[in-house]
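Student: I have a predicted model open and I'd like to know how its labels are earned. Can we go through them one by one?

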Amino acid sequence: MSIVFRVLVDFGAAPKPKKPRAERAPRKNTQKGELVDVKGKQTNEIAEEKDADFTKQLDHVIKTFRNVYKERKLRRLNYYEFVTDPHDFGATIQNCFCVAFLLKDMRLYLEKKEDDEFPYLRKLSKDEKTSADQVIDGGKPLQTNQTINTITYSKWQGIVHDLNLTEALIKPNEEK
């Protein structure tokens, strides 16, 4: 077995000029292990602003859920119908992310019974709400199950087609 390398050389070409290096700023003398504030005080302010925006988004999603729940007079709502934006895959992912936080915070409940094709979202019952409040106050933790939801672009397209979705239930939050 032999390997052949082909080298092309342009003998008439002028050599490439070297780019001058940018000068480095002088280093500050710091002790080993000493923290250096690189970004300044703005970092905490930006993080707090992002947290506030995300909290507003969660409030918008739960408010939308309650409105759809009341308008349709349902006992539960198809998870995929609620989170899917038929025109925007990225918005669907964001909605899934928000609903996951609402489930973790025990503001919504996700269930899938044996005869169900899809998982469904519902409000917590009074007993579940009481138990959730006790957990928040330091009581005995609720028994929970964890689920991993995988959604790909092709699965999203299939959901839009199968559920015949034409508009998103969760509209973009205009309050940002």
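**Labels and the numbers behind them**

Tutor: Let's start with the cysteines: the closest cysteine sulfur to that of C96 sits in C98, 9.5 Å away, which is too far for a bond. Before we go on, this is a predicted model, so local features need pLDDT of at least 70, side-chain atom pairs count only at pLDDT 80 or more, and totals for chains, interfaces and linings use all residues. Residues are numbered from 1 along each chain as its sequence is written, and side-chain values use heavy atoms, with hydrogens and water left out.

Student: How do you know that the sulfur of C98 is too far for a bond?

Tutor: A disulfide is a pair of cysteine sulfur atoms within 2.5 Å. The closest cysteine sulfur to that of C98 is in C96, at 9.5 Å, so a bond is ruled out by distance. The disulfide count for the structure is 0.

Student: Why does C96 count as buried?

Tutor: Buried means under 20% relative accessible area, exposed means over 50%, and partly exposed is in between (1.4 Å probe, protein chains only). C96 has 10%, so it counts as buried. C98 gets the label too, because its value is 0%. Across the 176 residues of the protein, 26% count as buried.

Student: How do you know which parts are helices and which are strands, and how many are there?

Tutor: Helices (H or I, at least four residues) and strands (E, at least two) are DSSP runs, numbered from the N terminus. Here that gives 5 helices and 3 strands. Reading from the N terminus, the order is α-β-α-α-β-β-α-α.

Student: What makes β2 an edge strand?

Tutor: Two strands pair if DSSP finds at least two bridges between them. The 3 strands make an open sheet, ordered β1-β3-β2, with antiparallel pairing. In that sheet β2 (109-111) pairs on one side only, and β1 (77-78) does as well, so each of these is an edge strand.

Student: And how do you know that β2 is joined to β3?

Tutor: Strand β3 (residues 120-122) shares 3 bridges with β2, and the two run antiparallel. You can find Y109 opposite R122 in β3.

Student: Why is the pair of F54 and F101 called what it is?

Tutor: Rings of Phe, Tyr and Trp (its six-membered ring) pair if their centres lie within 6.5 Å; planes under 30 degrees apart count as stacked, over 60 as edge-to-face and the rest as tilted. That rule gives 10 aromatic pairs. For F54 and F101 the centres are 5.1 Å apart and the planes differ by 75°, so this aromatic pair is edge-to-face. Since F54 lies in helix α1 and F101 in helix α3 (residues 89-104), the pair ties together parts that are 47 residues apart in sequence. F97 joins F54 and F101 in one aromatic cluster.

Student: Are F54 and F101 buried, partly exposed or exposed?

Tutor: F54 has a relative accessible area of 21%, so it is partly exposed. F101, at 27%, counts as partly exposed as well.

Student: What makes the pair of F65 and Y69 tilted?

Tutor: The planes of F65 and Y69 are 35° apart, with 5.2 Å between the centres, so the angle puts this pair in the tilted class. Both residues lie in helix α1, 4 residues apart, or about one turn of the helix. F65 is buried at 0%, and Y69 counts as buried at 13%.

Student: F65 also lines a pocket. What makes something a pocket?

Tutor: On a 1 Å grid over the protein atoms alone, with a 1.4 Å probe, a pocket is an open set of points with protein on both sides within 12 Å along at least five of seven lines; lining residues have an atom within 4 Å of a point. By that rule the second largest pocket is lined by residues including I62, F65, R66 and M106. Helix α1 (residues 42-72) gives the largest share of that lining, 3 residues.

Student: And how do you know that T64 is buried?

Tutor: T64 lies in helix α1 and has 11% relative accessibility, so it counts as buried. T64 and I170 are 106 residues apart in sequence, yet their C-alpha atoms are 6.3 Å apart in space.
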